[in-house]
Amino acid sequence: MEFSPGYEDHQCKVSASVAADAVEAAVRCLEDCPLFNAGAGSVFGNDGRIRMDASIMVCSIEKSSSAAEGKVSGGQRDKAVVGPDKISQKRRYPITPQPQAGSVAGVENVKNPISLARAVMERTPHVMLIGKGAEEFAQSLPKEVVETRPDDYFWTERRWGQLIEVRKREEQKQHQHQEGKGTIHLPPKQSLEVQLDHASEKGHDEQKFGTVGCVALYIPEKKSGFNKPLSRPQLASATSTGGMTNQRFNRVGDSPVIGAGTYANHLCAISCTGHGEHFIRWVAAHDIAKRLEYKHGYGSAEGKKDGSALKKAVDEVVFGTLMGDGNYGIDKGSGGVIALDRDGNFTAAMNCSGMYHGWIYEDGGMETRIFWDECSPKEP
Ligand code: ASP
């Protein structure tokens, strides 16, 4: 049997996507800036190497073309399902537009991992490529799509210093643990405020995190005939990271895991940063999207369109699920989230000391924020 690598046969699954263009462009800028933990500013792993992860997801926010062809009515489709007893029955289920996703993990020397993730989405039949396979795929792409750079492009003194610092701290911890064996020290129960102050004093978050992400909503102008817009209304999300300082060789965090660090469906787009293991265990980005839909009814006839549902879903996951019982908040799912719904409502939340974030409106107006108390868990 002849094996086809897939790439040539699956050119551009997604037609022109303006929302994907937007999130990719924003993340590329951040990857090129050595101040962030992605691309040129990525952190070092415990073997002194830099390996990067990235993912992108796009979803159309209106019914699929089959709806336009009249196969669908009222957002429901009839489907004949043949059960194990061979009795055919009819089930009705809501139609959701087909999402597209691409991701890469553990890649070295790729200048913009987000563009490689997009290429996986658009030019292969797959969702995720890792390590050497992803790098080989990068080499096969035109330079205009994905560029590579030598090791020294990614080397920064600041990140090297952080590796040494984190190693020292972890050695000290190990030492203390050896000395105090047999005694269990439980941290006292603390309020969220105390825990967050404690975290910022230590400055740990800054050294550990710094992943970049972007969420975007595209609504085409209404045009007719030959001037029809290229793309349908879409939501998109993108996330890119160097992972966590001193991470084990080949450790993969949440950022390239669709549903954990990145998610977009027909209702919202989510991008996360933080202690990836927790975001993976709780499938954080997907949880937010599903809470929005199932619990808060967003997207249904009764659902409010003012962004309150999105804020509730984000706060529940960031300040509830990820923080656990609040006892060990700092070591639990420390991090933050940016989210956008299909009505253009944006929200951000973090349970760590700070997360640099900003947003831009259709008219070009911009806002930026950093600290957690600027977007604390208040009712909207
Ligand atoms: N989430 C990333 C990871 O765990 C780290 C970060 O957000 O900075 O790999």
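# Notebook: strand 9, a binding-site record and some helix packing

**Entry 1, S271.** I began with S271, which I found in strand 9. A reminder to myself before going on: this is a predicted model. Is S271 buried or exposed? I read 4% relative accessibility, so S271 counts as buried, the cut-off being under 20%. Next I looked for a polar partner, and the side chain of S271 makes a polar contact of 2.8 Å with the side chain of T239. Then I listed what else S271 touches, leaving out residues up to four places away in sequence. The list holds G213, C214 and V215, then S237, A238 and T239, then G261, and finally G336, V337 and I338. T239 thus turns up both as a contact and as the polar partner.

**Entry 2, the binding-site record.** I stayed with strand 9, which spans residues 268-274 and includes G274. G274 has 8% relative accessibility and therefore counts as buried. I also checked the UniProt annotation "binding site", which comes from an unreviewed entry. It covers R251, V252, G253 and D254, together with T273, G274, H275 and G276.

From that list I picked V252 for a closer look. Where is V252 found? I located V252 in the loop between strand 7 (234-241) and strand 8 (262-264). Its relative accessible area is 34%, so I noted V252 as partly exposed. Not counting residues up to four places away in sequence, V252 touches D53, A105 and I280.

**Entry 3, D151.** I moved on to D151, in helix 5 (residues 151-154). D151 comes out at 41% relative accessibility and is therefore partly exposed. Which residues does D151 touch, not counting those up to four places away in sequence? I found R49 and N109. With R49 there is also a polar contact between the side chains, at 2.9 Å. I also took a C-alpha distance from D151 to A40: the two are 111 residues apart along the chain, and their C-alpha atoms are separated by 9.9 Å.

**Entry 4, helix 10.** Helix 10 runs over residues 284-295, and I noted its buried residues as A284, A285, D287, I288, A289, K290 and L292. A lysine and an aspartate are on that list, as K290 and D287. What covers these buried residues? The cover includes strand 8, strand 9, helix 9 (276-281), helix 11 (308-320) and strand 10 (335-341). So strand 9, the home of S271, is part of the cover over helix 10. Just after helix 10, I saw that G297 takes a positive phi of about 65°.

I then looked at how helix 10 meets helix 11. Their axes come within 9 Å and cross at roughly 135°. That angle makes helix 10 oblique to helix 11. On the helix 10 side, the contact is made by A284, D287, I288, R291, L292 and K295. On the helix 11 side, I wrote down A309, L310, A313, V314, E316 and V317. The crossing is right-handed.

**Entry 5, helix 3 and helix 4.** My last lookup was another helix pair. Helix 3 (residues 113-123) and helix 4 (residues 131-140) pack at an angle of about 80°, with their axes 11 Å apart. Because of that angle, helix 3 is roughly perpendicular to helix 4. Which residues meet here? From helix 3 I have L116, A119, V120 and R123, and from helix 4 A134, F137 and A138.

Key: Residues are numbered from 1 along each chain as its sequence is written. This is a predicted model: local features need pLDDT of at least 70, side-chain atom pairs count only at pLDDT 80 or more; totals for chains, interfaces and linings use all residues. Side-chain values use heavy atoms; hydrogens and water are left out. UniProt positions are given in the numbering used here, feature names are shortened, and annotations may be inferred rather than shown by experiment. Buried means under 20% relative accessible area, exposed over 50%, partly exposed in between (1.4 Å probe, protein chains only). Contact means heavy atoms within 4.5 Å. A polar contact is a pair of N or O atoms within 3.5 Å; within protein, one must be able to donate a hydrogen and the other to accept it, and residues adjacent in sequence count only if both atoms are side-chain atoms. Axes are lines fitted to C-alpha atoms, for helices over the stretch in contact, and angles run from 0 to 180 degrees between N-to-C directions. Angles under 35 degrees count as roughly parallel, over 145 as roughly antiparallel, 65 to 115 as roughly perpendicular and the rest as oblique. A crossing is left-handed if the near helix is turned anticlockwise from the far one by less than a right angle, and right-handed if clockwise.
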